[in-house]
Amino acid sequence: MAAPRPVPDTTDAPLIALHDVAVRFGQQEVLSDIHLALHSGRITTLIGPNGAGKSTLARVILGIVPPSRGRVTRRTGLRIGYMPQRIKIDDSLPLTVDGFLALGMAGATRARRDALGRAGVAHLRRRAVQALSGGEMQRVLLARALLRKPDLLVLDEPAQGVDVAGQDALYGLLAEVRDELRCGILLISHDLHLVMAATDDVVCLHHHICCSGTPEAVSRDPAFRDMFPGHPATNLALYTHEHDHEHDLHGNVDCAEHHHHDH
Ligand SMILES: Nc1ncnc2c1ncn2[C@@H]1O[C@H](COP(=O)(O)OP(=O)(O)OP(=O)(O)O)[C@@H](O)[C@H]1O
């Protein structure tokens, strides 16, 4: 189990903050009462059932979906790198990994080589993208997101279709990226167990934020236990070290055992 992450430096303005954000599609209110701040050097994971609004929240952060209520503030000049769930590539077009990265962003070959190296797939540079395995393609998509030199990296279900060893390696890699580039990372995931171990902050979403905080605090929260009954991650608190305090996503020290929002 990784050591607990240091407290975010709250003198640092957040990379992005959502204030009382709501999103509505026609009659359906998909998100409401969303207060969230993402900081440099921290991995925040959004969990929640299908249709909970996770991708919509990510799209608000990316600036693709405008909130129907509330406010989003971004640090000036904020660069966001996005790794999609999947990408459609034309099978009839011969395209190497390097060519694929060059399509996304003009720039030096050196930068593409570095990004592939950081994603652990330097050896795939000249391979055809169509011939990559699911796990290899995920790494290439990560390299593509890193090419933007992001302050914030947003990954939508990055471990989908990757086996457990591959997922573990991917989360290890994200921790390295966080530590070396000091960027903030927002992950969307279904895969609770690994994610709970690999993340700094967890946000449990079901149209509103049901609970949030460190993995230990969230795994003890009744709202989380109701959402994922019997899940092994609900036992996480039993085998991780106990904190004498917690920090919420706004960086405030919270002396309560957990940080729980009632709705
Ligand atoms: N552009 C849109 N127009 C209308 N409804 C939408 C739109 N985007 C999302 N929705 C609806 O909003 C709800 C939340 O969708 P969203 O994709 O954000 O959930 P999610 O938590 O990411 O789900 P999953 O885990 O299944 O990927 C769903 O009911 C979806 O049908």
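User: In what order do the three strands of the open sheet stand?
Analyst: This is a predicted model, where local features need pLDDT of at least 70, side-chain atom pairs count only at pLDDT 80 or more, and totals for chains, interfaces and linings use all residues. Residues are numbered from 1 along each chain as its sequence is written. The pairing in this sheet is antiparallel (strands are DSSP runs of E, at least two residues, and helices are runs of H or I, at least four, numbered from the N terminus; strands pair if DSSP finds at least two bridges between them), and strand 2 (28-38) and strand 4 (69-74) are the edge strands, each pairing on one side only. The order is 2-1-4.

User: By how many degrees are neighbouring strands of this sheet turned against each other on average?
Analyst: Axes here are lines fitted to C-alpha atoms, for helices over the stretch in contact, with angles from 0 to 180 degrees between N-to-C directions. For neighbouring strands of this sheet, direction is ignored, and the average turn is 20 degrees.

User: What angle does the direction of helix 1 make with that of strand 1?
Analyst: Helix 1 packs on the sheet and touches strand 1, strand 2 and strand 4 (two residues are in contact if their C-beta atoms, placed from the backbone, lie within 7 Å). With the direction of strand 1, that of helix 1 makes about 125 degrees.

User: Which residue of strand 2 stands opposite Leu18?
Analyst: Strand 1 (residues 16-25) runs antiparallel to strand 2, and seven bridges join the two. Across from Leu18 in that pairing you will find Leu36.

User: Which element gives the most residues to the shell around the ligand?
Analyst: Phe25, Val30, Gly48, Asn50 and Lys54 are among the residues surrounding the ligand (near a molecule means a C-beta atom, placed from the backbone, within 6 Å of it). The shell divides into three nonpolar, six polar and one charged residue (Ala, Val, Leu, Ile, Met, Phe, Trp, Tyr, Cys and Pro count as nonpolar, Asp, Glu, Lys and Arg as charged, the others, Gly among them, as polar). Three of the shell residues come from residues 54-62, that is, helix 1.

User: Which residue just after helix 1 takes a positive phi?
Analyst: Within helix 1, the buried residues are Lys54, Thr56, Leu57, Ala58, Val60 and Ile61 (buried means 20 or more other C-beta atoms within 10 Å of the residue's own, exposed 12 or fewer, partly exposed in between, with C-beta atoms placed from the backbone). Just past the helix, a positive phi of about 85 degrees belongs to Gly63.

User: Which residue takes a positive phi in the hairpin of strand 8 and strand 9?
Analyst: Strand 8 (residues 201-206) and strand 9 pair antiparallel over five bridges, with Cys204 opposite Cys211. Five of the six residues of strand 9 (residues 208-213) are buried. One residue lies between the strands, and the positive phi near 70 degrees is that of His207.

User: Is Asp12 buried or exposed?
Analyst: Asp12 lies in the segment before strand 1, and it touches His39 and Ser40, leaving aside residues up to four places away in sequence. Because 12 other C-beta atoms lie within 10 Å, Asp12 is exposed.

User: How far apart are the C-alpha atoms of Gly135 and Gly166?
Analyst: Gly135 is in helix 4 (residues 134-146) and touches Val162 and Gly166, not counting residues up to four places away in sequence. Gly135 and Gly166 are 31 residues apart along the chain, yet their C-alpha atoms are separated by 6.8 Å.
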